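Q: Please take a close look at one residue with an unusual backbone angle, and then use it as a starting point for a tour of the rest. I am in my first year, and plain words would help.

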Amino acid sequence: MRETTIALTDRAPSPVGGAAPLGPPLLRIDRVSLRYDLPKGQSVLALDTVSIDVTGGEFAVIVGPSGCGKSSLLYLVAGLVEPSDGDIFLQGEAVRGPGAARGMVFQAYTLFPWLTVWENVEFGLRRRRMPAAERRPRVAHYLDEVGLTQFAEAYPKQLSGGMMQRVAIARALANDPQVLLMDEPFGALDSQTRLSMQKLLLRVWEHNHKTVLFVTHDIDEAILLGDRVLVMSPRPGRIQESIAVNLPRPRTLAMVMEPEFIAIKRQIVGLLHGVGEEEE
Amino acid sequence: MASPPRSRRSLAQRCLTPKAEIPRGIALSTGVGVWVLVIALWMLACYGGLANPIFLPSPDQVIGAAVRLAGDGRLGRDVWASVQVILLGFAVSSLFAVPVGLLMGTFGLVRAAVEPLTNFIRYLPVTSFVPLFILWIGIGLQERVTVIVFGTFFQQLVMIADVSRNVSGDLLNASYTLGANRRDAVLHVLGPASLPGVLDTLRVTMGWAWTYLVVAELVAASSGLGYISMQGLRGFQVDQIFMAIAIIGILGLITDQIFSLLRRWLAPWAA
């Protein structure tokens, strides 16, 4: 497999990676590098000329070892960090700083503790001065999507970790971003909760087919959720391989037992750990 | 009376376990018990003839002093004088310290401008400035207010700057990805996120303000609780000194409770 790894540093006229997206990319990450300065004039290369094209409606997942810069990549797309080199385009327009078009769900709990669940979901809508009559059905809809209608008046401190992340998802979706960035959103949850969150996300995604760029270190999660899995190398992070996941949708948790799932998993494990590719 | 949830551990075990919750009734009665004990020891010392009444007045003498001073209107006047000075001084100090402190913790430029000077001034003992203030301002209300402002402002500034600096960057990032601009981030994230910490700071610094008040009144004043205390010393009326101390304590307790209520009312969402 190693030899077939596609060089991703060229500006590709055709979409980068193994999948065959249907239209022009909604999101283009174009030869982006990120270098952190250390004291004493040294610096660390966190991301090394990464290029990814994400098509509208695609669920793209980045998987990689910890410290490979996959979270940094999302922060770059969000506009919260500036790349040292390269550019990021959303619908052809270069990203300059954060904005509502690129919503994000963070690994850390980022609900505003002084706002109720309802007010949290409403936050972005209020910032753009949406009238109350328009806000109300939208907030209600997304709270219903994540099954938290009954907790509308609760404060975040009264919620469990999984519930807080569900609110964070509703909050990001209610704002109707063009791309939803998800940075290991279930990373802090226990494995049972994590499974039910994956199920919930699959269901919600079936309803809106939002363009998603999802980061995780969990291989099962990556395959289960993604149309495509981008495998990153250890630092400095590069895209090693882009693997199309052709499992049918709607996906179910039971699919982790299917041969195709296992074949993809074996391939990814091989890329990440250098094992499991011997029989192929 | 609702019975507390049964615990398998005995009460003694629970009380000795680090950080374990103890029943509310036990907490309350222990608090009251300690007060009763202190007063009982005091009474024992006085009425048992263990202490010289010139140095340690008995509870009834202290209450007598309060009644005496209240009777001729002096007590009310002096309490009001002190409360006036402390409210004024504290309000002026907080009015500037809260916004400047929040900006200091939020914007590096404000911090760079204000912090070095603040850190110099806040280590200067306020008491050493009292003679200077008397020279500049005289011994009126303004001088005492100045002492309080000078004593609390710089402390508040640093503490409130810390509060806003400690607001999680993740919350700000989340707001930006939801479309907040910088103004929104300050008004709708940093502001509310800092509120509980600001109230805590005000509560703590209010206690210090009482200290500076008494310092100012002891040195130069013609009214106030510190002044009564000083009069008590001159006339060798120890009961009057005790009364002044007790009233300051009670007023302190009341302001503390007010801040505690304020926090629960304004920031019920905070832990």
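A: Let's begin with Arg31(A), which is partly exposed because 16 other C-beta atoms lie within 10 Å, a count that falls between the limits of 12 or fewer for exposed and 20 or more for buried. Please keep in mind that this is a predicted model. Arg31(A) belongs to strand E1 of chain A, which covers residues 25-37. Its backbone is what makes it our starting point: phi is positive, about 45°, although Arg31(A) is not a glycine.

Chain B offers another case of this kind. Lys19(B), also a residue other than glycine, has a positive phi near 65°. Its setting is a loop of chain B, between helix H1 (11-16) and helix H2 (24-47). Lys19(B) counts as exposed because it has 4 other C-beta atoms within 10 Å, and the limit for exposed is 12 or fewer.

Back in chain A, let's look at a proline that meets strand E1. Pro83(A) sits in the loop between helix H1 (70-78) and strand E4 (85-90). Leaving aside residues up to four places away in sequence, Pro83(A) touches Val32(A), Ser33(A), Leu34(A) and Leu76(A). Why is Pro83(A) called buried? There are 22 other C-beta atoms within 10 Å of Pro83(A), and 20 or more is enough to count as buried. For a sense of scale, Pro83(A) and Ala168(A) are 85 residues apart along the chain, and their C-alpha atoms are separated by 26 Å.

Two other prolines of chain A deserve a stop, this time for their peptide bonds. The bond from Arg235(A) to Pro236(A) is cis, with omega near -5°. Pro236(A) is in the loop that runs between strand E9 (228-232) and strand E10 (239-244). Further along, Arg249(A) and Pro250(A) are also joined by a cis peptide bond, with omega about 0°. You can find Pro250(A) in the loop between E10 and helix H7 (259-273) of chain A.

How far should you trust the picture of chain A? Its mean pLDDT is 88, and 90% of its residues reach 70 or more. Two stretches call for care. Over residues 1-21 of chain A, pLDDT stays under 50, and the model gives this stretch 35 contacts beyond four places in sequence. Residues 276-280 of chain A likewise have pLDDT below 50, with five contacts in the model beyond near neighbours in sequence.

Now let's go inside. The largest nonpolar core has 130 residues, and Val61(A), Val77(A), Leu213(A), Val229(A) and Ile148(B) have the most contacts within it. As a general rule, nonpolar side chains tend to be buried together in soluble globular proteins. Val61(A) makes a good example to follow: its contacts, apart from residues up to four places away in sequence, are Phe214(A), Thr216(A), Ala222(A), Leu225(A), Gly226(A), Val229(A) and Leu230(A).

Next comes the place where the chains meet. Chain A brings 22 residues to the contact, and chain B brings 16 residues. On the side of chain A that touches chain B, strand E6 (102-105) and helix H2 (117-127) are the elements that give two or more residues. The residues on that side of chain A are 12 nonpolar, five polar and five charged.

Crossing over to chain B, you find 11 helices and zero strands. Its radius of gyration is 23 Å, well over the 18 Å that the globule rule gives for 271 residues, so chain B is more spread out than a compact globule. Along the principal axes, its C-alpha atoms fill a box of roughly 70 × 65 × 30 Å. Of the 271 residues in chain B, 31% are buried. Among contacts in chain B with a separation of 6 or more, 69% link residues 24 or more positions apart.

Let's finish with one residue in this chain. Thr146(B) lies in helix H7 of chain B, residues 141-165. Thr146(B) counts as buried because it has 22 C-beta neighbours inside 10 Å. Not counting residues up to four places away in sequence, Thr146(B) touches Phe133(B) and Ile137(B). Thr146(B) and Asp239(B), in contrast, are 30 Å apart in space from C-alpha to C-alpha, and 93 residues apart in sequence.

Technical notes. Residues are numbered from 1 along each chain as its sequence is written. Chains are lettered from A and ligands numbered from 1 in the order in which they are written. This is a predicted model: local features need pLDDT of at least 70, side-chain atom pairs count only at pLDDT 80 or more; totals for chains, interfaces and linings use all residues. Helices (H or I, at least four residues) and strands (E, at least two) are DSSP runs, numbered from the N terminus. pLDDT is the predictor's confidence in each residue, from 0 to 100. Two residues are in contact if their C-beta atoms, placed from the backbone, lie within 7 Å. Ala, Val, Leu, Ile, Met, Phe, Trp, Tyr, Cys and Pro count as nonpolar, Asp, Glu, Lys and Arg as charged, and the others, Gly among them, as polar. A nonpolar core is a set of buried Ala, Val, Leu, Ile, Met, Phe, Trp, Tyr and Cys residues joined through C-beta atoms within 7 Å. The radius of gyration is taken over C-alpha atoms; the globule rule is 2.2 Å times the number of residues to the power 0.38.
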